[in-house]
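Reader: I would like a close look at one part of this model, the salt bridges. Please say what they join and how open to solvent their partners are.

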Amino acid sequence: MSEPDDHGRRRVAVTVNGVELDAWVLPHETLLEVLRDTLGHHEVRYGCGEGVCGTCTVLLDGEAVSSCLLLAVQADGCSVVTARGLGDGAEPHPLQASFLRNGAAQCGFCTPGMLLAAHALLQREQRPSREMIRRELIGNLCRCTGYTRIVDAIEQCGGEIARSPDA
C-alpha cells in the first residue's frame, strides 16, 4: 500500500476476477464502494451495509466475505472474485448453470452473494449435506425462493463436481 496522497487517499492494488487493478481510495471506503463505484463491478450488490444480508459477498483470496464490512485498504494485494468472475456468458460456471436449471434465481438481487457463498462451500466440501448448505447460507438472505431451490441447486452442483473426472 502506498503513502497517502495530498487528499488522504492511498493506492491499493487488487486483482479482480483475474485482472490486476489499481485504485486510489480513502481510508474509510469499503471494498464494496470501491468495487462498485470506482471499478464498475455492479454485480456486487449493496444490501444492508451492516454485513447481515450477504448481498455484497465476494471471495477474498478464496474466502467468502461481506465486502460492506471490509475496508478497501485491507484488500491491498489480495485477489477478489465476484459473481462475474465465476463464469462468462458463453460458458457459465457449473454452479451458475445449476442455479438456472433449478430456478434458484428469482429476482436476482441475492444471487451473486448466494453463488459466491456456495462456491466457497463447494471448494471446501464437494458433497455438502443439505444441513451444511443451510448453515453456510445463514448470512445470505433471500425474499423470493424460500431457499429450497437454492439448496437444491447447490446440492446438485456439488454432486456433479464430485462425479466429474477433473474432481
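Author: The answer below takes the salt bridges one by one and then turns to the sheet beside them. The model is a predicted one. The count of salt bridges comes to six, and three of them are described here in turn.

Take Arg101 and Glu160, whose side chains meet with an N to O distance of 2.8 Å. Arg101 belongs to helix α2 (residues 94–101) and Glu160 to helix α5 (residues 148–163), so the bridge links distant parts of the chain, 59 residues apart. Arg101 has a relative accessible area of 48%, and because exposed means over 50%, Arg101 is classed as partly exposed. Glu160, at 28% relative accessibility, is partly exposed as well.

Helix α5 also takes part in a bridge to helix α4 (residues 130–136). Here the side chain of Arg130 meets that of Asp152, at 2.9 Å from N to O. Arg130 sits in helix α4 and Asp152 in helix α5, with the two positions 22 residues apart in sequence. Both count as partly exposed: Arg130 has a relative accessibility of 24%, and Asp152 has 26%. This pair does not stand alone, since Glu155 joins Arg130 and Asp152 in a network of salt bridges.

Helix α4 holds Glu136 too. Glu136 forms a salt bridge with Arg124, and their closest N and O atoms are 2.8 Å apart. Arg124 lies in helix α3, so the pair ties together parts that are twelve residues apart in sequence. Glu136 is partly exposed at 26% relative accessibility. Arg124 has a relative accessible area of 54%; the limit for exposed is over 50%, so Arg124 is exposed.

Helix α3 leads from these bridges to the sheet. Helix α3 (residues 111–124) lies across β3, β4 and β5 and runs at about 35° to β3. The sheet is open, with five strands of mixed pairing in the order β2-β1-β5-β3-β4. Its edge strands, each paired on one side only, are β2 (19–25) and β4 (63–66). From one strand to the next the twist averages 40°. Strands β3 (residues 57–60) and β5 (residues 79–81) run antiparallel and are joined by two bridges. Within that pairing, Leu60 stands opposite Val80 of β5. Another helix, α1 (residues 31–38), packs on the sheet as well, touching β1 (10–16), β2, β3 and β5. The direction of helix α1 makes about 105° with that of β2.

Definitions and conventions: Residues numbered from 1 in each chain as written. Predicted model: local features only at pLDDT ≥ 70, side-chain atom pairs only at ≥ 80, totals over all residues. Heavy atoms only, no water. Pairing = 2+ DSSP bridges. Helix = DSSP H or I, 4+ residues; strand = E, 2+ residues; numbered from the N terminus. Axes fitted to C-alpha atoms, helices over the stretch in contact; angles between N-to-C directions. Contact = heavy atoms within 4.5 Å. Salt bridge = Lys/Arg side-chain N within 4 Å of Asp/Glu carboxyl O. Buried < 20%, exposed > 50% of the residue type's maximum accessible area, 1.4 Å probe, protein only.
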